[in-house]
Amino acid sequence: MSHRRPSLRASLHGAFGEVAKALHPETGATVAIKRIKRHFECTVNDVVLAVVAGALGALLRSRGERIDGLVMKAMVPVSFRDASQRMTYGNKVSMMAAELPVGETDAAERLQFVRQRMQGLKESK
């Protein structure tokens, strides 16, 4: 007898292959993320977290939920390598609780919020 629960189908499920295709280094999505990173002087991860926050906010608003000012937390992996360890083997990864400004509708404000919070977390490590 198996004690595993079957995977539930939900509107948020999707094939990983589609995500992998969208984030391939030569796609428009990745090019756009890097362009935003350079313009706002932040990291790729900051941009991705701001996009995720915006998407969650849009989803919740589409379901009629009031989310003004809502900030959610998400555990995100972060590298703890310093510049001298960039091309070495082995993982130096930990998790951080990132604050996602789900209730912020302005994309630039959302990105600035994420950038400032993530920088603060990295400086306190």
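Let's start at Leu49: setting aside neighbours within four places in sequence, Leu49 touches Val76, Ala98, Leu100, Val114 and Met118. Keep in mind that this is a predicted model, so every contact here is read from predicted coordinates.

Those contacts lead straight into the largest nonpolar core, which has 17 residues. Leu49 is among the residues with the most contacts inside this core, alongside Val76 and Met118. Which elements give two or more residues to the core? They are α3 (44-62), β1 (72-79), β2 (93-100) and α4 (107-123). Of these, α3 gives the most, with five residues. As a bit of background, nonpolar side chains in soluble globular proteins tend to be buried together.

Now step back to the whole chain. You'll find four helices and two strands in it, and reading along the sequence they follow the pattern α-α-α-β-β-α. How much of the chain is buried? Buried residues make up 22% of its 125 residues. On the outside, the chain exposes about 9600 Å², with carbon and sulfur atoms supplying 57% of that area.

The contacts tell you something about how the sequence comes together, too. Take the contacts between residues at least 6 apart in sequence: 53% of them join residues at least 24 apart.

Finally, have a look at the aromatic rings. If you go hunting for aromatic pairs with centres within 6.5 Å, the count comes to zero. There is still a ring worth finding, though: the charged end of Arg117 sits over the ring of Phe113, 4.0 Å from its centre.

Notes: Residues numbered from 1 in each chain as written. Predicted model: local features only at pLDDT ≥ 70, side-chain atom pairs only at ≥ 80, totals over all residues. Heavy atoms only, no water. Phe/Tyr/Trp six-rings, centres within 6.5 Å; stacked < 30°, edge-to-face > 60°. Lys NZ or Arg CZ within 6 Å of the ring centre and 35° of its normal. Core = buried A, V, L, I, M, F, W, Y, C linked by side-chain atoms within 4.5 Å. Buried < 20%, exposed > 50% of the residue type's maximum accessible area, 1.4 Å probe, protein only. Contact = heavy atoms within 4.5 Å. Areas by Shrake-Rupley, 256 points an atom, 1.4 Å probe, with all protein chains shown as cover.
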